[in-house]
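Got the viewer open? Let's walk through this one selection at a time.

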Amino acid sequence: MAEPEIPERFLEGYAGILSEVADTGRRLTRDELETRRALGREAAEAGHQLRALVRLHLSETRAVWSDGAARSSSTDSVLGAVEQAVDAFAEGFERAQRLTVRREEAARREFIDDLLYGRSDLGRLAERATRFGLRLSRAHAVAVAAGPEAYTESDAVPRSVEAALLARFSGRKILLTTKDGRLVCIAPGSQPDVLRYFAKQAHAATDGHQVAVGRPHRGPGGVVHSYDEALEALDLAQRMRLDDPVLYAADLLVYPVLTRDRQAMADLVRSELGPLKEARGGAEPLLRTLSVYFDAGCVAAETARRLSLSVRALTYRLERIHQLTGSDPSDPMHRYTLQTAVIGAQLLDWPAKEL
């Protein structure tokens, strides 16, 4: 594509300056330098390339030189004036570019905040999204990766993950950013391979920390819905001690269901597990025993191995739980209620927090 023609006004006064310098040997005045800076700013705002603008200045210098404005005795002065003028012009150009970049970064951050918090007019949000490569009328899913430290977009970890994504999915409409110190990837819901690859890269780049993927949802509000699901999955993994490297919100839907009626779940935990607080050492060791027992499929030998106990010691703990709660973990009739209460205790952070 041909470069747009550069108006002659960006060279306003330049030939005259060189001619005067050739005659007098003077340096550029403060006002002349400020004028060159102002023209540089205007050229940047007009979208012209600095390389083409410098070439234009050099071409004009040659034209002035060929007209005889420069004599051998004034060559050094003229070249010095060219250096001053072009340097001032480039300084103004670069200042304008830096300001534009800061404005773009601010606009991008504002958009991301509005998108992930859902606090902007949805229609206007959809319009702004096209500028960043998203079509919010379609379904999108969000993946979130935690790390050992808080990240910003300029940090090495986000940049490396972004480079890997762009190298593999250069034609896809993907938005990679950071929010509250975490890595966030937004991709079309019809392209789950993007988020799977992001999860793989982010897991490796964050030294093995977990990544959560929300479900695809349609519309401007769909992104914040999927983002919230991913955050909830990370929080759930911490409370439930889930160690999967990648967590999918679609696989964890049972847990929000269990805690939808928080008061009912708290009542269940208190009634079923509350008596465990009377045990020597408190409720925590026996609660941990129940959790591992259920995770091991209620197989005593495997549970004992995971807890580094003898089978006899494990049997004593299970009997003690039966004595305190009145529910037998090995009895299928009691098992479901006990296991649901154990899950509830983990979700509600009991007994660390009073219910």
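Helices (H or I, at least four residues) and strands (E, at least two) are DSSP runs, numbered from the N terminus, and a helix's expected span is 1.5 Å times one less than its number of residues. You're looking at a predicted model, where local features need pLDDT of at least 70, side-chain atom pairs count only at pLDDT 80 or more, and totals for chains, interfaces and linings use all residues. Numbering starts from 1 along each chain as its sequence is written, and side-chain values use heavy atoms, with hydrogens and water left out.

**Stop 1: α13**

Select residues 311–325. That's helix α13, with 15 residues and 21 Å from first C-alpha to last, close to the 21 Å expected at 1.5 Å a residue. Now show the side chains of L314, L318, I321, L324 and T325, which are buried (under 20% relative accessible area with a 1.4 Å probe, protein chains only; exposed is over 50%, partly exposed in between). They sit on the same side of α13 because they cover an arc of only 125° around the axis, the arc being that of the directions from the helix axis to the C-beta atoms. What do these buried residues pack against? Add α10 (262–273), α11 (284–295) and α12 (300–307) to the selection: those are the partners, with contact meaning heavy atoms within 4.5 Å. On the face turned away from the buried side, look for the exposed R312, Y316 and Q323. Just after α13, G326 takes a positive phi of about 80°.

**Stop 2: the loops around α12**

Step back to S308, in the loop between α12 and α13. Its phi is near 60°, positive in a residue other than glycine, and S308 counts as exposed because its relative accessibility is 66%. Then pick C298, in the loop between α11 and α12: here phi is near 65°, again a positive value in a non-glycine residue.

**Stop 3: α4 and two partners**

Select α3 (50–66) and α4 (75–117), whose axes are 11 Å apart and at an angle of about 155°. Axes are lines fitted to C-alpha atoms, for helices over the stretch in contact, and angles run from 0 to 180 degrees between N-to-C directions. The pair is therefore roughly antiparallel (over 145 degrees; under 35 is roughly parallel, 65 to 115 roughly perpendicular, the rest oblique). Among the α3 residues that meet α4 are H57 and W65, and the α4 side includes F89 and F93.

Swap α3 for α2 (30–45): α2 and α4 pack at about 45°, with axes 7 Å apart, so they are oblique to each other. The contact takes in R36, R37 and R41 of α2, among others, and α4 residues including Q84, E91 and R95.

**Stop 4: α6**

Next, residues 156–168. Helix α6 has 13 residues that should span 18 Å at 1.5 Å a residue, and its end C-alpha atoms are 19 Å apart, which agrees. V157, P158, V161, A164 and L165 are its buried residues; they line one face of the helix, since they fall within an arc of 130° seen down the axis. That set packs against β2 (175–179), β3 (182–188) and α7 (192–205). A156 and A167 are exposed on the face turned away.

**Stop 5: A230 and a cis bond**

Click A230 in α8 (220–240). Buried or exposed? A230 counts as buried, at 0% relative accessibility. Measure to V144: the C-alpha atoms are separated by 6.1 Å, though the residues are 86 apart along the chain.

Finish at P351, in the segment after α14 (332–347). A cis peptide bond joins W350 and P351, with omega about 10°.
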